[in-house]
Amino acid sequence: MGSHLCERLLAEGYHVTCMDNLRTGSLENIAHLLQEGEAEYSEDFELIDHDITNHIHLPGELDELYHFASPASPKDFQKIPIPILKVGALGTLNCLGLALSKGSRFMLASSSEVYGDPLVHPQSEEYWGNVNPIGVRGVYDEAKRYAEAMTMAYSRHHNLQTRIVRIFNTYGPRMRADDGRMIPNFITQALSGRALTVYGDGSQTRSVQYVDDLIEGVLSLMRSSESRPVNIGNPIEHTVLEIAELVIELTASHSEIINEALPEDDPKQRCPDIGRARESLGWEPRVGAREGLEKTIEWFATGRTQEGLEVPTER
């Protein structure tokens with residue numbers, strides 16, 4: 001998502017500083033933003049290798065700060081739980097401190113995970129959620145909830161201009177093939193002719209949105225006067241089984257579908273109420289699942305790579 005956001009901001013004439021330690025990201029995703037694919041910055045794009053759980057020093061002016069840092073794949077919840085908690089706590093604290101010192105507007109990329117395994121459907125921003133704080137998903141869920149609380153504290157106590165976007169299931173080009181989430185799993189399995197793995201019986205629902213819709217919603221929120229959390233997602237529900245079958249159709253794959261045990265605390269339903277986004281931002285998604293999946297499958301099928309790039313350290 002960060003690479004798509006950088007790309008869009010550059011297209012609109014911004015000077016963009018991208019800060020990432022590439023723990024779960026890839027330099028390939030922003031290679032096209034560097035001059036002729038070389039490890040040399042273009043005039044309006046700067047890339048800094050830095051872990052935001054450490055103090056952030058950034059010279060010069062800063063108008064907008066988008067805090068999108070955090071591993072987000074369920075595979076990461078057990079592999080790197082403490083870094084996930086640290087980026088939600090210390091990383092958010094450092095980003096808020098930077099925004100306050102620069103007088104910049106701040107956006108937190110939160111998540112539908114703040115709703116946990118919801119007991120209310122669809123989920124509106126007024127719902128406080130059903131989260132298991134000691135479960136395997138708790139490291140991500142509670143990190144996002146804590147980050148929201150800290151963001152609102154800075155808004156109330158320091159009068160910082162803040163925005164909170166609650167992002168629902170988003171997919172598109174540049175996702176990791178080994179991400180572990182539903183759509184990249186299905187696409188990579190189908191393209192290689194392997195069986196598609198559906199957890200549970202596949203009746204659980206997801207609302208999937210294409211990344212271009214997300215970026216449009218994010219920018220609309222940042223430029224609005226809406227300071228409350230806003231759901232950005234596609235309210236059209238699909239079962240996991242329906243998504244698997246659609247991926248098989250679009251890839252013309254002969255893959256079978258196999259079922260495995262449902263992971264701990266895996267939500268049964270996830271669907272945003274986007275009434276606030278419609279009313280406050282005039283936003284709603286435009287890319288349907290079939291169109292978005294076709295674009296994503298095409299990207300995965302091309303196997304784009306870029307070698308030999310280096311990332312400078314913070315300066």
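By class, 8 nonpolar, 1 polar and 8 charged residues make up the lining of the second largest pocket; here Ala, Val, Leu, Ile, Met, Phe, Trp, Tyr, Cys and Pro count as nonpolar, Asp, Glu, Lys and Arg as charged, and the others, Gly among them, as polar. The model is a predicted one, where local features need pLDDT of at least 70 and side-chain atom pairs count only at pLDDT 80 or more, while totals for chains, interfaces and linings use all residues. Residues are numbered from 1 along each chain as its sequence is written, and side-chain values use heavy atoms, with hydrogens and water left out.

Back to the pocket. Its volume is about 340 Å³. Of the 17 residues in its lining, Glu 125, Trp 128, Glu 148, Arg 166 and Pro 229 are the closest to the centre. Two elements, helix H4 (138–158) and strand S5 (162–167), give two or more residues to this lining, and H4 gives the most, with 5 residues. Helices (H or I, at least four residues) and strands (E, at least two) are DSSP runs, numbered from the N terminus. As for the word itself, the search runs on a 1 Å grid over the protein atoms alone: a pocket is an open set of points with protein on both sides within 12 Å along at least five of seven lines, a cavity is a set of points where a 1.4 Å probe fits but cannot get out, and lining residues have an atom within 4 Å of a point. Grid points are joined across faces, edges and corners, and a volume is the space filled by probe spheres set on the points.

The same search of the whole structure turns up 1 cavity of 30 Å³ or more. The largest cavity has a volume of about 40 Å³. Helix H3 (81–102), S4 and H4 each supply at least two residues of its lining, with H3 giving the most, 4 residues. Among the lining residues are His 67, Ser 70, Thr 92, Leu 108 and Lys 144. Sorted by class, the lining of the largest cavity has 7 nonpolar, 4 polar and 1 charged.

H4 lines both spaces, and its length can be checked too. With 21 residues at 1.5 Å a residue, H4 should span 30 Å, and its end C-alpha atoms are 29 Å apart, which agrees; the expected span is 1.5 Å times one less than the number of residues. Right after H4 comes Asn 159, whose phi is positive, near 60°.

H4 also takes part in ring packing. Rings of Phe, Tyr and Trp (its six-membered ring) pair if their centres lie within 6.5 Å, and planes under 30 degrees apart count as stacked, over 60 as edge-to-face and the rest as tilted. The count by this rule comes to 5 aromatic pairs. One of them is the stacked pair of Phe 77 and Tyr 140, at 5.2 Å centre to centre with 20° between the planes. This pair links distant parts of the chain, 63 residues apart: Phe 77 sits in helix H2 (residues 74–79) and Tyr 140 in helix H4. Phe 77 and Tyr 140 are both buried, where buried means under 20% relative accessible area, exposed over 50% and partly exposed in between (1.4 Å probe, protein chains only). Trp 299 and Phe 300 make an edge-to-face pair, 5.3 Å centre to centre and 90° between the planes, and both are buried. Tyr 115, Tyr 127 and Phe 168 form one aromatic cluster.

Some backbone spots stand out. Most residues other than glycine have a negative phi, and most peptide bonds are trans. A cis peptide bond, with omega about -10°, joins His 121 and Pro 122, and Pro 122 is in the loop between strand S4 (105–111) and H4. Arg 174, not a glycine, has a positive phi of about 85°. This arginine is in the loop between strand S6 (170–171) and helix H5 (182–191), and Arg 174 counts as buried because its relative accessibility is 18%. Ala 252 also has a positive phi, near 55°, in the loop between helix H7 (240–251) and strand S12 (257–260). At 59% relative accessibility, Ala 252 counts as exposed.

Another loop, between S12 and helix H8 (275–281), holds Arg 270. With a relative accessible area of 2%, Arg 270 is buried.
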